[in-house]
Amino acid sequence: KKSTPTYTHNNNPSFLITSTMTFSDPKYPIVNPSPSVDDCISSLRIRDYFMASGITSASWAYGYIFGKPYRHATASTAAAFGLTAAGMLVLQDARDRLMGFKENQREVKLYGLYPEQVVAPKSGGTGSSRFPTAGLSVSPVRPEPHFKNFN
């Protein structure tokens with residue numbers, strides 16, 4: 001198993017800088033929180049290969065059908081665009097599986113779990129820095145304005 005580089009801030013190993021900020025916590029177990037392209041390619045499934053070849057073939061057919069009078073040149077160009085889009089889609093799916101955002105039972109069996117898993121918050125919030133609860137806010141405007149005489 002390859003180790004991925006971790007970047008720390010101010011020599012504090014508890015503060016981990018990841019490459020992206022997600023909008024939600026993963027629903028499945030985390031295999032690798034920051035996978036590289038090599039990690040994603042090595043974890044591709046047979047479904048991913050079929051998806052890439054299907055998208056590439058469909059884009060070639062699209063270019064051939066609508067590429068008159070230069071059908072083969074247009075079809076080849078469309079296939080190149082399709083292969084690029086398919087590669088991005090397949091890598092995105094593999095990355096989501098490794099990070100725990102999609103079903104990843106096969107990856108967990110093959111690569112194992114990441115030591116630090118995300119724990120779902122309890123209902124009502126915990127008050128921690130990761131899951132803060134709303135409190136009373138103090139107005140930064142001093143003195144506080146009075147709008148009694150305005151309609």
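**Exercise 1. Where is the place of F66, between which two helices?**

Solution. In this predicted model, the place of F66 is the loop between α2 and α3. The next step is to ask about its surroundings: F66 has a relative accessible area of 60% and is therefore exposed, since the cut-off for that word is over 50%. F66 also belongs to a nonpolar surface patch of about 580 Å², which it makes together with W60, Y62, Y64 and I65. The loop between α2 and α3 holds P69 as well, and a cis peptide bond, with omega of about 10°, joins K68 and P69.

**Exercise 2. Describe the order of the elements in the chain, and say where the confidence of the prediction is lowest and highest.**

Solution. Begin with the count, which is 4 helices and 2 strands, and then read from the N terminus on, where the elements run β-β-α-α-α-α. For confidence, the mean pLDDT of the chain is 80, and 68% of its residues reach 70 or more. Broken down by element, the lowest mean, 45, is found in strand β1 (residues 7–9), while the highest, 97, is found in helix α2 (residues 46–65). Over residues 4–19 the pLDDT is below 50, and this stretch has 14 contacts in the model beyond near neighbours in sequence.

**Exercise 3. Identify the residues of the largest nonpolar core and the helix that gives the most to it.**

Solution. The largest nonpolar core has 8 residues in all, namely V31, C40, L44, A52, A86, V90, A94 and L98. Helix α3 (residues 71–99) gives the most to this core, with 4 residues. To see how one member is placed, take A94, which touches C40, S43 and L44 when residues up to four places away in sequence are not counted. As a setting for this core, buried residues make up 22% of the 151 residues in the chain.

**Exercise 4. Decide whether I41 is buried, partly exposed or exposed, and find what it touches.**

Solution. I41 is found in helix α1 (residues 37–42). Its relative accessible area is 43%, and because this lies between the cut-offs of 20% and 50%, I41 is partly exposed. Leaving aside residues up to four places away in sequence, I41 touches Y49 and L91. A further distance can be read between I41 and G87, whose C-alpha atoms are separated by 9.8 Å although the two residues are 46 residues apart along the chain. For the chain as a whole, among contacts between residues at least 6 apart in sequence, 68% join residues at least 24 apart.

**Exercise 5. Follow the salt bridges that start from R45 and R47, and state which residues the network joins.**

Solution. The chain has 7 salt bridges. One of them is formed by the side chains of E107 and R45, at 2.8 Å from N to O. This pair links distant parts of the chain, with E107 in helix α4 (residues 105–111) and R45 in the loop between α1 and α2, 62 residues apart. Both E107 and R45 are buried.

Turn next to R47, which forms a salt bridge with D48, the closest N and O atoms being 3.3 Å apart. The two partners sit in contrasting surroundings: D48 counts as buried because its relative accessibility is 1%, under the cut-off of 20%, whereas R47, with a relative accessible area of 48%, is partly exposed.

R47 also meets D93 in a salt bridge, at 4.0 Å from N to O. Here again distant parts of the chain are linked, with D93 in helix α3 and R47 in helix α2, 46 residues apart. D93 has 6% relative accessibility and therefore counts as buried.

The last step is to join the pairs: salt bridges that share partners bring R45, R47, D48, D93, R97, K102, E103 and E107 into one network.

**Exercise 6. How much surface does the chain expose, and what share of it do carbon and sulfur atoms supply?**

Solution. The chain exposes about 11900 Å², and carbon and sulfur atoms supply 61% of this area.

Technical notes
Residues are numbered from 1 along each chain as its sequence is written. Side-chain values use heavy atoms; hydrogens and water are left out. pLDDT is the predictor's confidence in each residue, from 0 to 100. Contact means heavy atoms within 4.5 Å. A nonpolar core is a set of buried Ala, Val, Leu, Ile, Met, Phe, Trp, Tyr and Cys residues joined through side-chain atoms within 4.5 Å. Buried means under 20% relative accessible area, exposed over 50%, partly exposed in between (1.4 Å probe, protein chains only). Patches are made of residues with over 30% relative accessible area and no salt bridge: like charges are joined within 9 Å, nonpolar side chains (Val, Leu, Ile, Met, Phe, Trp, Tyr) within 5 Å. Accessible areas come from the Shrake-Rupley method with a 1.4 Å probe; for residues, only the protein chains shown count as cover.
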